[in-house]
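Here is a short report for a reader meeting this structure for the first time. It follows the ligands, the domains and the sheets in turn.

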Amino acid sequence: MRKLAIIGVGNICRQMVEVIAQGDQFSIAVLKRPSAAFTAGPGIGTVFADIDDLLAWKPDLIAEAAGQAAVSQYAATCLRQGIPFLVSSVGALADENLYKALCQAAQDGNTRLLIPSGAIGGLDYVRSAAMFDGAQVTYESRKPPSAWVPELAALGIEPTHVTEPLELFAGMADEAATRYPKNLNVAATLALAGVGMRNTKVRVIVDPNAPGNLHTIKVDGPAGSFELTIANKPSPDNPKTSWIVSRSLVVSIRRYFEPCWVG
Ligand SMILES: NC(=O)C1=CN([C@@H]2O[C@H](COP(=O)(O)OP(=O)(O)OC[C@H]3O[C@@H](n4cnc5c(N)ncnc54)[C@H](O)[C@@H]3O)[C@@H](O)[C@H]2O)C=CC1
Ligand SMILES: O=C([O-])CC(=O)C(=O)O
């Protein structure tokens, strides 16, 4: 039985535990915020509120499903201790210094910083296409107003008053992922797989007509072109987070331990 630790006890964690409990051979511990009122439910063996206690439990892999601040707070310590660290809040790595420090910590610990595809896909193609000079990569996020409630409120906009597509942002991936830490982690993922944070162009649109969380990736380069639109259903408990994300994390965990993987 392997030991899996999940940082964060929200929507993604809940779904991961449900899926893993159905067949994977893991015992699961979670790390909650010290102030959070959370007790172990089905599938969760132990609840920690302190990272040192979690590390003393000696997990085989730690998955972060908490937020960008949790990556800067915990990842380096875990990696230096030789524990693979799977990041969901990839936008934290838009900070180049943090990204380099975590790669170094992984090397020092002889382990890996793991980055899942999350809400998007096609990263294998993007990675290969980016090996050719001149490849261009763009990303467009189009989510309904329900995914943008606090951000719209900060602009003084009532979500129900958005009746036409509204461009929130146009710029580069690092800025998008930093400005919108709960909606644009995938911009950083795409940038890391492809042509980098400062070369990946991003548009963010609040679209009242979007049938879900739409992600469009375009690649144009010497090797060919590629256009992919993914229409994700939002998570039942969190409209910002696409439902598929927890599954992507579970796939990454299985892939880490399995002797053979595809893709
Ligand atoms: N890579 C991807 O495709 C995606 C990544 N994400 C990332 O996943 C994160 C989690 O998403 P959800 O589970 O839907 O959010 P959620 O808000 O339902 O759950 C987050 C949980 O983490 C806890 N938390 C926050 N900071 C913490 C800390 N420092 N230590 C311990 N616990 C902490 C919160 O109390 C909450 O229980 C998002 O904030 C986002 O950064 C979300 C969607 C897609
Ligand atoms: O789940 C999604 O659709 C994307 C998302 O929130 C993120 O990248 O942070």
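## The shell around ligand 2

Strand 13 is the main contributor to the shell around ligand 2, giving three residues. This is a predicted model. Helix 8 also takes part: helix 8 and strand 13 each supply at least two residues of this shell.

The shell around ligand 2 includes Lys-182, Asn-183, Leu-184, Asn-185 and Val-186. Lys-240, Thr-241 and Ser-242 belong to it too, as do Ala-119 and Val-245. Asn-213 and Asn-232 complete the set. By class, the shell around ligand 2 has four nonpolar, six polar and two charged residues.

Asn-213 and Asn-232 are linked in another way. Asn-232, in strand 11, is the bridge partner of Asn-213.

## The shell around ligand 1

Ligand 1 is surrounded by 30 residues. Gly-8, Gly-10, Asn-11, Ser-89 and Gly-118 are the closest. The shell around ligand 1 holds 14 nonpolar, 13 polar and three charged residues.

Four elements each supply at least two residues of the shell around ligand 1: helix 1 (11-21), helix 3 (68-80), helix 8 (185-193) and strand 13 (238-242). Helix 3 gives the most, with four residues. Helix 8 and strand 13 also each supply at least two residues of the shell around ligand 2.

## Two domains

The protein chain is divided into two parts. Domain 1 covers 2-118 + 244-257, and domain 2 covers 123-240. Their centres, taken over C-alpha atoms, are 24 Å apart. The contact between them draws 12 residues from domain 1 and 17 residues from domain 2. On the side of domain 1 that touches domain 2, five residues are nonpolar, seven are polar and none is charged.

Where does ligand 1 lie relative to domain 1 and domain 2? Both domains give residues to the shell around ligand 1, so ligand 1 lies between them.

## The parallel sheet

Six strands form an open sheet with parallel pairing. Their order is 3-2-1-4-5-6. Strand 3 (46-48) and strand 6 (113-114) stand at the edges. Each has a single partner strand, so one side of each is left without a neighbour in the sheet.

At one of these edges, strand 6 pairs with strand 5 (residues 85-87) over two bridges, in the parallel sense. Leu-86 stands opposite Leu-114 of strand 6. Elsewhere, helix 1 lies across strand 1 (2-7) and strand 2 (26-31). Helix 1 runs at about 170° to strand 2.

## The mixed sheet

Another open sheet has five strands, in the order 8-9-7-10-11, and its pairing is mixed. Strand 8 (166-172) and strand 11 are the edge strands, each pairing on one side only. From one strand to the next, the twist averages 10°.

Strand 7 pairs with two strands in opposite senses. With strand 9, strand 7 runs parallel, over seven bridges. With strand 10, strand 7 pairs in the antiparallel sense, also over seven bridges. Arg-142 stands opposite Ile-205 of strand 9. Gln-136 has Asp-220 of strand 10 as its bridge partner. Helix 8 lies across strand 7 (136-143), strand 9 (200-206) and strand 10. Helix 8 runs at about 160° to strand 9.

## The hairpin

How many residues are in the hairpin connection that joins strand 10 to strand 11? The connection has two residues. Strand 10 (residues 213-221) and strand 11 (residues 224-232) run antiparallel, joined by nine bridges. Asn-213 pairs with Asn-232, and Leu-214 has Ala-231 as its bridge partner in strand 11. Both Asn-213 and Asn-232 are among the residues around ligand 2.

## Annotated spans

An unreviewed UniProt entry annotates residues 8-116 as "domain: Aspartate/homoserine dehydrogenase NAD-binding". This span is 39% helix and 17% strand, and its end C-alpha atoms lie 17 Å apart.

UniProt also lists residues 163-250 for "domain: Aspartate dehydrogenase", again from an unreviewed entry. Residues 163-250 are 25% helix and 44% strand. The end C-alpha atoms of this span lie 37 Å apart.

Methods: Residues are numbered from 1 along each chain as its sequence is written. Chains are lettered from A and ligands numbered from 1 in the order in which they are written. This is a predicted model: local features need pLDDT of at least 70, side-chain atom pairs count only at pLDDT 80 or more; totals for chains, interfaces and linings use all residues. A residue is near a molecule or strand if its C-beta atom, placed from the backbone, lies within 6 Å of it. Ala, Val, Leu, Ile, Met, Phe, Trp, Tyr, Cys and Pro count as nonpolar, Asp, Glu, Lys and Arg as charged, and the others, Gly among them, as polar. Domain bounds come from an automatic or database domain assignment. UniProt positions are given in the numbering used here, feature names are shortened, and annotations may be inferred rather than shown by experiment. Two strands pair if DSSP finds at least two bridges between them. Two residues are in contact if their C-beta atoms, placed from the backbone, lie within 7 Å. Axes are lines fitted to C-alpha atoms, for helices over the stretch in contact, and angles run from 0 to 180 degrees between N-to-C directions.
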